[in-house]
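Here are a few exercises to work through with the model open beside you. Try each task before reading its solution.

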Amino acid sequence: MIFRRRTIRRFKQEPIKLEKLKKLINFARVAPMARNIQALEFIIVHNPEIRSKLFPLVNWAGSLPEDQRTPEKGREPTAYIIVLVNTKIKSTYVDFDVGAAVENILLGAVHFELSSCWMGSINREKIRRLFKIPEYYEIKHVISLGYPDEESIIEPYEDSFKYWKDEYGRLHVPKRSLEDIIFKVY
Ligand SMILES: Cc1cc2nc3c(=O)[nH]c(=O)nc-3n(C[C@H](O)[C@H](O)[C@H](O)COP(=O)(O)O)c2cc1C
């Protein structure tokens, strides 16, 4: 499950059932939260017209050359989840809560054979206007979702964290080795 979750940025156009998207939010609902304060709320975007308005407000694959970043027409996400923080609910370690909730969504997506891209490089101002999100909500991230139309392969880390695409359009993502990240064993 963990190894099957890879960031994917090209999707088949088969729609995702709303019921599945709600189940992903349900996985986020029970994520660990500091002091059990639950300030996170979510917007589900699956309507094609609204999707096409959100698409230009997210930025894809900053490490790749510009012409390889953005999904081509017909390979866009078929749903999005926008992660919000309701600031009327005072939380202390909200960024950790966001991380735990988002990871639950990403792993839940794998369970449904879906792929995802967690996105922090987004136009928050325009997203706020598009969805009429009140000021007391902080817009954290967007999760792009869909059935995968791209392959991603884990590579051994050598001297750069930059991921790359090969001539067949496959993504290669370097990861540090297990031996390298176990600092000490007692
Ligand atoms: C907090 C966060 C923000 C990210 N923002 C973006 C983004 O704006 N656009 C994008 O294409 N990918 C984004 N990513 C995806 C990373 O590029 C991806 O996780 C990384 O390349 C490692 O690939 P992997 O998820 O397949 O292991 C983000 C990931 C995280 C955790």
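For the first exercise, count Ala, Val, Leu, Ile, Met, Phe, Trp, Tyr, Cys and Pro as nonpolar, Asp, Glu, Lys and Arg as charged, and the others, Gly among them, as polar. Keep in mind that this is a predicted model.

**Exercise 1. The shell around the ligand**

Task: Sort the residues of the shell around the ligand into nonpolar, polar and charged, and find which strand gives the most to that shell.

Solution:
- Step 1. Sorting by the classes above gives seven nonpolar, five polar and two charged residues.
- Step 2. Now look at distance: 14 residues surround the ligand, and those that come nearest are Arg6, Thr7, Met119, Gly120 and Ser121.
- Step 3. Strand S4, residues 115-119, gives the most to the shell, with three residues.

**Exercise 2. Two domains and their contact**

Task: Where does the ligand lie with respect to domain 1 and domain 2, and why?

Solution:
- Step 1. Begin with the domain assignment, which sets domain 1 at 11-150 and domain 2 at 151-186.
- Step 2. Over C-alpha atoms, the centres of domain 1 and domain 2 are 24 Å apart.
- Step 3. Four residues from domain 1 and seven residues from domain 2 take part in the contact.
- Step 4. On the side of domain 1 that touches domain 2, one residue is nonpolar, two are polar and one is charged.
- Step 5. Back to the ligand: its shell draws residues from both domain 1 and domain 2, so the ligand lies between them.

**Exercise 3. Strand S6**

Task: How many of the five residues of strand S6 are buried, and how does S6 run relative to strand S8?

Solution:
- Step 1. A residue is buried if 20 or more other C-beta atoms lie within 10 Å of its own.
- Step 2. In S6, residues 152-156, the count of buried residues is zero, and the strand is hardly covered.
- Step 3. S6 and S8 (residues 171-175) run parallel and are joined by five bridges.
- Step 4. To find the pair on screen, start from Ile153, which stands opposite His172 in S8.

**Exercise 4. The whole chain**

Task: What is the pattern of the protein along the sequence, and how does its radius of gyration stand against the globule rule?

Solution:
- Step 1. The protein has five helices and eight strands.
- Step 2. Along the sequence they follow β-α-β-α-β-α-β-α-β-β-β-β-α.
- Step 3. The radius of gyration is 17 Å, close to the 16 Å from the globule rule for 186 residues, so the protein is as compact as a globular protein of that length.
- Step 4. The C-alpha trace spans about 50 × 45 × 30 Å along its principal axes.
- Step 5. As for burial, 25% of the 186 residues count as buried.

Terms used: Residues numbered from 1 in each chain as written. Predicted model: local features only at pLDDT ≥ 70, side-chain atom pairs only at ≥ 80, totals over all residues. Near = placed C-beta within 6 Å. Helix = DSSP H or I, 4+ residues; strand = E, 2+ residues; numbered from the N terminus. Domains from an automatic or database assignment. Contact = placed C-beta atoms within 7 Å. Buried ≥ 20, exposed ≤ 12 C-beta atoms within 10 Å, placed from the backbone. Pairing = 2+ DSSP bridges. Rg over C-alpha atoms; globule rule 2.2 N^0.38 Å.
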